[in-house]
Amino acid sequence: MFVSSTLTELAAERKAARRAIERLSAAPVMFETGARPHPPRSLYRAYLAQSDIFVGIYWNRYGWVAPGEAVSGLEDEYNLAPAEMPKLIYVKTTEGTRDQALTELLDRIRDDDTASYKHFADAKELARLLVADLAVLLAERFDDSRRQPALKARPQAPESQPAAIGEPSTLPESLNPLLGREEDIERLAELVTSPGTRLVTLTGPGGVGKTRLAVELARRIESEFSDGILFVPLASVHDAAQVPSAIARALGVNDDGGAPVEAKLVISLRHRRMLLVLDNFEQVLPAASVVSTLLAGASDVKAVVTSRVMLRISGEHNYQVAPLRLPDRLSPRHPRDPLASSVELFIQRAQSVQPDFLPTPETMTAVEEIVARLEGLPLAIELAAARVRLLTPPELLRRLDRQLALLVGGQRDAPSRQQTVRNTIEWSTRLLAQNEQNVLWRLGAFTGSFSLEAAEAVAGPDTDVLGPLEALIDASLVRHEDRDGRTYLQLLVNVREYALERLTALGEYDHARLQHAQYYRRWAERVSGELTGARQRDLLTALDDERENLLSAQRYLLESGDWRSAADFMWNLFAYWALGGMMAQARGWAETMLSAGEHLPQRAVAMALGLRNARLLWETPTPEIIAGLEQSAALFESLDHPEDTDAISSFVSVVYSTLAQAYFLSPEPDFTKAEAAIQRGFDAYRKLTNRWGEVILVLTAGALEAVRGDTEAAAKRFDEGLRRADAGQDGVSRGLALDYLGWLNLERGSLREAATYFERELHNALPIRSRQGISMVLEGALAIAARRGDAERAGMLAGAAEARREQHGQAALTERSGTVQPIDQLRGGLLLSTFEGARRRGRGMPLEQVLGIARDVLAETIDKDVSDTAQLEANRV
């Protein structure tokens, strides 16, 4: 939202406007605006081109008209706003004298049919008007987008190939326009979209702008990829073996620790037309083979990789990202000539910290010298420009020139431009106060984003971090954002590297890592009991925001040999690892612990064995897995339990439940052992208090009865589990209970009851964003449609279910006994062509459309109250 106003006379109103816009989670673009000498037209023209809404705030002053210009910057901004852009105009009432030129401008604005024109008395009223008007405008634009889907429709995928179902673009948002890269984007767009190109690597030193260029390139060519863009940040991944898991997580593939993740990725991608953007690959170069595997297995997928060095694999096209264009200091610049992109960036970043900053002709020379000294590297320019709040450009140049000369020589094996970025970071940190430096070094212990509370814990109990953090943010060394009312911070990769160097040099690295790991260990312990309750969704989101730090904390606990803490940490967050698709990594930790041999405490052995072999839904249990679960359960029973922890409670339920399932789902089921395992679990819970574990055991007991063929006993158990899940407000166990009840009623032939449970399961799955729950509902609705002989909708639901399972890395549609027979009947009769044609269409349907079909099938079945037997008989007739 582009905000235009004069600066000084409307300072209070500008602050109120910023707060009002940010309340709506929108981005105010205002630091580059205002009437001032020599308005940088190219800069605010670029911002206007990328803005969605124009907000004009006016009072008495028209603003200064620069020599050679016909209008002030204030009017020029309005003139440059695209005609189709909505304009919200607010005029402050006045008892003084309004500039004649402004009066004429306001008269013209009143006649603009794209502008809303209102008066206000003070900053408070302006904020109220802005919030109300913007809310209405955004709602109207949202409604328009729903009424006019063709405006941004993607090309239809061929019938034989599935399209992505409901997966949004993962590209990070950019709040500032990209400067000086139009030629790069044009050349790269042509290269990436050419038929013979599958992999393009953007190379260059850290801080040259590879990531930002890749993001803007992807946004520019997104329409070429019918299944969208997948952006995978790898800056916080330090083990090449974890790259497949990082891609799987971004793609929505469930990494349950079963089949290899790479195989699941190929299944998910093989029918998609998609662009992968893999960012910061230089630290995981051994994973280059993963890129080759994915591109070989998915012929319509292309990849753009950012890295300081090439991947050096077959088919790679290298594109060297150059620094921004420098000013030509040999030829004098005419006032109307466009600024060099490096100078524009400096001015843009300087105005973000000092809104009224604008270099005079005298100081412009210093600015040009600064960007030349920094070789046009965007990160170095940003760090330097952040200092204009305290230093004028000439002062900044003198200090920068002197300090960089002293710093040259460090990291001699690094490329020249990489030394420039590193030295600029070092120069910038030398301007910090000692307490600010200390906080920055300690923040190097974090990986990815982290909360303010985490920063306070790692900085130490006697350290006030708020003041230093403000200084670090102002200096562009730390970035911050607000997410749902919580403040999150993050260091750029280059800054973190330098902070870790300093932390190590001071001998404080181990202590900082310990403080970091202890904070996340305590946090995991606090939230463990609520991960399976009413706060589940909020906690999963909070944990996800700091996922990389959770993984880093666990690595530290394992590396330091703190097996007790590592085991507790694994099990306190078991629900998060399972629901977040990170079970393969969790099982890797269990293997690491078990390799410690005799040094591992028995309690940790029990937990590691349980986690290594844990499943909540079994396919084919092996004798080795059963033996591991039996040993884990036996060890647990041999231990004393002085404390009643949520970690132990979750551990007990998972071990006994999965052991029982392994017994009764084996090729040669042992119902006696299964029943005994369930009873052992209930006996253990007499000593513990975690109710979620009891629900899992109750549902497992119901599944045992269903396999035995006692549907009445199974129904009672499932009903009991549902009541307990409702009481505990746990969406996961509630969804599992509803699904069991739906399929049980299908087996009984009661379609109406089955549809009722599947409908409830859908209402449960959507709020908690359960991919698995949505997929299970689609399969349930598919089974009902098939049993009713509805070949058209059964086919569409079958295609959609197949596509979703492939996208999640599962090879085939689940062959539940409730779906196989009626689908085979449809395929074997006169409805074969109808079913198969609908199935192909269903594979490419958007999720909302598929869910609408499922809802209709379920609602009609509930209303009609048809029995399975009667409907199948009617179909035969």
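A residue counts as buried when its relative accessible area is under 20%. By this criterion, 55% of the 877 residues of the chain are buried in this predicted model. The secondary structure amounts to 39 helices and 13 strands. Contacts often link distant parts of the sequence: among those between residues at least 6 apart, 75% join residues at least 24 apart.

Strand β3 spans residues 87-92. Six of its six residues are buried, so the strand is largely enclosed by the rest of the structure. The cover extends to both faces of β3. Lys87, Ile89 and Val91 lie on one side, and these residues are buried. Leu88, Tyr90 and Lys92 lie on the other, and they too are buried.

Two strands pair with β3. Strand β2, residues 54-58, runs parallel to β3 and is joined to it over five bridges. Within this pairing, Gly56 has Ile89 of β3 as its bridge partner. Strand β4, residues 115-120, is also paired with β3 in the parallel sense, here over six bridges. Tyr90 is bridged to Lys118 in β4. Ile89 and Tyr90, the β3 residues named in these bridges, belong to opposite faces of the strand, and both are buried. Helix α4, residues 100-110, completes the picture: β3, α4 and β4 form a β-α-β unit of right-handed sense.

Burial also marks helix α9, which covers residues 261-269. Seven of its nine residues are buried, so α9 is largely enclosed by the rest of the structure. The buried positions are Val261, Lys264, Leu265, Val266, Ile267, Ser268 and Leu269. Helices and strands both contribute to the cover over these residues. Among the covering helices are α8 (243-251), α10 (288-297) and α35 (791-807). The strands include β7 (274-279) and β8 (301-307).

A helix pair was examined next. Helix α30 consists of residues 691-708, and helix α32 of residues 731-748. Their axes come within 10 Å and cross at roughly 15°. Angles under 35 degrees count as roughly parallel. The two helices α30 and α32 are therefore roughly parallel to each other. Their crossing is left-handed. On the α30 side, the contact involves Trp692, Val695, Leu699 and Ala703. These residues meet Ser733, Leu736, Ala737 and Tyr740 of α32.

Definitions and conventions:
Residues numbered from 1 in each chain as written. Predicted model: local features only at pLDDT ≥ 70, side-chain atom pairs only at ≥ 80, totals over all residues. Heavy atoms only, no water. Buried < 20%, exposed > 50% of the residue type's maximum accessible area, 1.4 Å probe, protein only. Helix = DSSP H or I, 4+ residues; strand = E, 2+ residues; numbered from the N terminus. Pairing = 2+ DSSP bridges. Right-handed = clockwise from strand over helix to strand, strands pointing away. Contact = heavy atoms within 4.5 Å. Axes fitted to C-alpha atoms, helices over the stretch in contact; angles between N-to-C directions. Parallel < 35°, antiparallel > 145°, perpendicular 65-115°, else oblique. Left-handed = near helix turned anticlockwise from the far one by under 90°.
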